[in-house]
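Notebook open, two chains to go through. I want to see how they meet and what packs inside each one.

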Number of protein chains: 2
Amino acid sequence: MNYPNNLKKTYQNPLTYKNRGMDLENELNESNSYYLEINRALIYKKPTPIGVADVSYSPKGKVINKGFFKEPSTLDYNGLYRGKYIEYEAKVTENRTSFPLANIHKHQIEHVKKVLEHQGIVFLIIKINDIVYLLKGNDFIDFLKTNKRKSIPYAFIKEKGYMIKYSYNPILNYLDIVDQIYFEEEV
Amino acid sequence: MNYPNNLKKTYQNPLTYKNRGMDLENELNESNSYYLEINRALIYKKPTPIGVADVSYSPKGKVINKGFFKEPSTLDYNGLYRGKYIEYEAKVTENRTSFPLANIHKHQIEHVKKVLEHQGIVFLIIKINDIVYLLKGNDFIDFLKTNKRKSIPYAFIKEKGYMIKYSYNPILNYLDIVDQIYFEEEV
């Protein structure tokens with residue numbers, strides 16, 4: 001795992017300190033396990049697609065001797081929440097001023113548009129400057145339509161995104177934000 | 001690929017003949033690609049979960065030198081159709097009189113119950129005696145509740161299931177059946 005060089009700057013924040021050893025993916029996996037446990041939502045990380053080039057058979061089952069990671073055409077997480085389809089991608093950037101769009105594949109952008117069109121809930125979870133934001137799929141697509149930039153400025157994320165606070169359990173209670181913005185509820 | 005020994009018996013049926021070289025998974029993958037192309041539904045096969053035990057780095061990217069297949073806790077296919085969450089598992093049996101329940105893991109059965117509870121569309125697609133059936137998740141769970149058998153009799157599948165016919169494109173037009181049974185439409 002790589003820690004940014006500027007980590008010491010945030011070392012005094014107890015929450016940041018507590019979570020610095022756990023990356024965003026683990027934080028979301030743990031939050032989703034918690035949601036599953038309390039039966040609030042069924043959301044899973046999709047396995048990374050693997051191309052298997054060589055397998056052999058052992059007494060314990062098939063073993064992959066050569067494989068490679070393939071580029072995903074959908075987003076990392078999907079599932080079912082309050083009777084609705086939900087899908088999102090989670091990304092961390094060490095960049096302090098903007099979120100580089102190179103983090104999201106072209107196929108994934110097309111997929112976000114399609115999920116919106118088919119009335120699913122779709123968003124990005126972006127960790128930037130040690131803060132986690134939920135950026136709605138339509139705000140993301142709107143940005144792409146009106147900008148030729150290769151990154152989303154932090155100011156845009158702060159303005160349009162919703163901050164997801166760290167808590168004890170779930171670590172990232174992003175479904176409270178989803179309730180608020182997609183089910184129009186006060187939390 | 002393994003062909004059943006009794007294949008010659010069905011050799012004269014042109015549709016069976018046409019499709020015998022393609023297994024159910026490929027038939028569904030092609031049907032889903034077609035649905036995606038005509039923008040009818042967004043349904044993907046989840047990658048098989050892989051445990052990666054050893055990787056190395058090549059100029060072309062990360063290479064897996066040792067990996068193994070993990071047991072899935074959800075179903076094979078999921079996605080979004082007409083604003084609803086949809087999920088299913090596809091299985092072929094060479095058994096002519098029943099569908100062995102060993103084909104479905106315990107975690108997957110629990111998952112089917114949860115998807116029903118959270119108001120998703122969930123079902124099994126079972127190919128038995130060269131016929132493809134859609135068996136609704138609640139009929140499957142009802143069977144398990146009222147039976148101690150280790151397999152579902154073919155008679156039950158014929159009675160409760162919905163036959164999915166082979167066609168040119170999509171090869172298996174199962175969404176017409178989904179329309180009929182989940183959206184109460186005449187097709």
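Which residue is the bridge partner of Phe68(A) in β3(B)? I looked it up, and the partner is Val63(B).

Ground rules before going on. This is a predicted model, where local features need pLDDT of at least 70 and side-chain atom pairs count only at pLDDT 80 or more, while totals for chains, interfaces and linings use all residues. Residues are numbered from 1 along each chain as its sequence is written, and chains are lettered from A and ligands numbered from 1 in the order in which they are written.

**Entry: strands across the interface**

I followed β3(A) (61-69) over to chain B. Four bridges tie β3(A) to β3(B), residues 61-69, and the two run antiparallel. Strands here are DSSP E runs of at least two residues and helices are H or I runs of at least four, numbered from the N terminus; two strands pair if DSSP finds at least two bridges between them. I also checked Ile64(A), and Gly67(B) of β3(B) stands opposite.

Then I traced the whole sheet. It is open and has four strands, ordered β2(A)-β3(A)-β3(B)-β2(B), with antiparallel pairing. β2 (50-58) of chain A and β2 (50-58) of chain B are the edge strands with a single partner each, so one side of each has no neighbour in the sheet. On average, neighbouring strands are turned by 20 degrees against each other, direction ignored.

**Entry: the contact surface**

I pulled the contact list, with contact meaning C-beta atoms, placed from the backbone, within 7 Å. On that list, 26 residues of chain A touch 26 residues of chain B. On the chain A side, β1 (42-45), β3 (61-69), β4 (77-81), β5 (84-93) and α3 (106-117) each give at least two residues. β3(A) has the largest share, eight residues. I sorted that side by class and got twelve nonpolar, nine polar and five charged residues. For the classes, Ala, Val, Leu, Ile, Met, Phe, Trp, Tyr, Cys and Pro count as nonpolar, Asp, Glu, Lys and Arg as charged, and the others, Gly among them, as polar.

**Entry: symmetry**

I superposed chain A on chain B by least squares, on C-alpha atoms of residues with pLDDT of at least 70 in both. The fit takes a rotation of 180 degrees with 0.1 Å of shift along the axis, at an RMSD of 0.1 Å. That is how a two-fold axis relates copies. Both copies use the same surface, as 100% of the contact residues of chain A recur in chain B.

**Entry: α3 against α4**

In chain A, I found the axes of α3(A) and α4(A), residues 137-146, coming within 10 Å and crossing at roughly 125 degrees. Axes are lines fitted to C-alpha atoms, for helices over the stretch in contact, and angles run from 0 to 180 degrees between N-to-C directions. The pair is therefore oblique, the label left once angles under 35 degrees (roughly parallel), over 145 (roughly antiparallel) and 65 to 115 (roughly perpendicular) are taken out.

I listed who meets whom: Ile109(A), Val112(A), Lys113(A), Val115(A) and Leu116(A) from α3(A) meet Gly137(A), Asn138(A), Phe140(A), Ile141(A) and Leu144(A) from α4(A). That contact has seven nonpolar, two polar and one charged residues.

Key
Contact = placed C-beta atoms within 7 Å.
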